[in-house]
Amino acid sequence: MKCPFCQHDEIHVLDTRVSEEGDAIKRRRRCGKCDKRFTTYERIELSMPFVVKKNGSRTEYAEAKLRGSLMLALRKRPVAAAAVDDAVKAIAEKLLTSGKREVDSNHIGELVMAELKRLDKVAYIRFASVYKNFEDLAEFQDAIEEAGQERKRQE
């Protein structure tokens, strides 16, 4: 690190503390040449993986888009907003902890379906019908039976 005043590279750390918000390390430093003092902050830098769409294009992860998809499937369903927030956080955490720089949109869709299956079976069927592009009634019946079997296993 260089001094922001004289660009000298001999810097001494005088004091180290956790910031008031608790999300960074605050360090008081002093330049060995000009003797001026300054503060630096060290923060965790987390970056979400890029989303690779079905057509091969890449885009940044958009939490708002994910939340919108969940809310559309859950429209007029008795699910608390806090539960939706928890689902969005769970999906984001799974993406972060995967360590991947890129993730297929299909993988995100599967994560959304898993969360919806846990939250509300009707919303799960709504989302699955669009996501899996159901063509006929048999595919709906298969998805409903699958959700029903999941429910029986939980009981």
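Strand 1 (residues 11–18) and strand 2 run antiparallel, joined by 7 bridges. Strand 2 then pairs with strand 3, again antiparallel and again over 7 bridges. This is a predicted model, so take what follows as a tour of a prediction. Besides those hairpins, there is an open sheet of 3 strands with mixed pairing, and a largest pocket of about 670 Å³.

**The two hairpins**

- Start with the pairing of strand 1 and strand 2: H12 has R30 of strand 2 as its bridge partner.
- The hairpin these two strands make has 5 residues between the strands, and G22 takes a positive phi near 80° there.
- On the other side of the story, I25 stands opposite E42 in strand 3.
- Strand 2 and strand 3 also form a hairpin with 5 residues between them.
- The turn of that second hairpin holds D35, with a positive phi of about 65°.
- As a general reminder, strands of a sheet pair through backbone hydrogen bonds, either parallel or antiparallel.

**R27, a buried arginine in strand 2**

- R27 sits in strand 2, which covers residues 24–31.
- Is R27 buried or exposed? R27 counts as buried because its relative accessibility is 19%, and the cut-off for buried is under 20%.
- The R27 side chain has a polar contact with the side chain of E42, at 2.6 Å.
- Another polar contact links the R27 side chain to the side chain of T16, at 2.9 Å.
- Leaving out residues up to four places away in sequence, R27 touches V13, D15, T16, F38, T39, T40 and E42.
- So E42 turns up twice in this part of the model: it stands opposite I25, and its side chain makes a polar contact with that of R27.

**The open sheet**

- In which order do the strands of the open 3-stranded sheet come? The order is 5-4-6.
- Strand 5 (58–59) and strand 6 (102–104) are the edge strands, and each of them pairs on one side only.
- Strand 4, residues 50–52, pairs with strand 6 in the parallel sense, over 3 bridges.
- Within that pairing, V51 has V103 in strand 6 as its bridge partner.

**A87 in helix 2**

- A87 belongs to helix 2, which spans residues 81–97.
- A87 has a relative accessible area of 0%, so it is buried.
- What does A87 touch, once residues up to four places away in sequence are set aside? Its contacts are L70, E115, R118 and L119.
- Take L70 from that set: its C-alpha atom is 8.8 Å from that of A87, though the two are 17 residues apart along the chain.

**Positive phi outside glycine**

- D35 is not a glycine, yet it has a positive phi of about 65°.
- D35 lies in the loop between strand 2 and strand 3 (37–43).
- With a relative accessible area of 48%, D35 is partly exposed.
- K76 is not a glycine either, and its phi is also positive, at about 65°.
- Where is K76? K76 lies in the loop between helix 1 and helix 2.
- K76 counts as exposed because its relative accessibility is 74%, and the cut-off for exposed is over 50%.

**Pockets**

- The largest pocket, with a volume of about 670 Å³, is lined by 21 residues, and the closest to its centre are K65, S69, S105, I108 and F127.
- Which helices each supply at least two residues of that lining? They are helix 1 (63–73), helix 3 (105–119) and helix 4 (121–131).
- The lining of the largest pocket divides into 11 nonpolar, 5 polar and 5 charged residues.
- The second largest pocket has a volume of about 170 Å³.
- Its lining consists of L46, S47, M48, P49, F50, R58, L95, L96, G99, K100, R101 and E102.
- By class, the second largest pocket is lined by 6 nonpolar, 2 polar and 4 charged residues.

Note on methods: Residues are numbered from 1 along each chain as its sequence is written. This is a predicted model: local features need pLDDT of at least 70, side-chain atom pairs count only at pLDDT 80 or more; totals for chains, interfaces and linings use all residues. Side-chain values use heavy atoms; hydrogens and water are left out. On a 1 Å grid over the protein atoms alone, a cavity is a set of points where a 1.4 Å probe fits but cannot get out, and a pocket is an open set with protein on both sides within 12 Å along at least five of seven lines; lining residues have an atom within 4 Å of a point. Grid points are joined across faces, edges and corners, and a volume is the space filled by probe spheres set on the points. Helices (H or I, at least four residues) and strands (E, at least two) are DSSP runs, numbered from the N terminus. Ala, Val, Leu, Ile, Met, Phe, Trp, Tyr, Cys and Pro count as nonpolar, Asp, Glu, Lys and Arg as charged, and the others, Gly among them, as polar. Buried means under 20% relative accessible area, exposed over 50%, partly exposed in between (1.4 Å probe, protein chains only). A polar contact is a pair of N or O atoms within 3.5 Å; within protein, one must be able to donate a hydrogen and the other to accept it, and residues adjacent in sequence count only if both atoms are side-chain atoms. Contact means heavy atoms within 4.5 Å. Two strands pair if DSSP finds at least two bridges between them.
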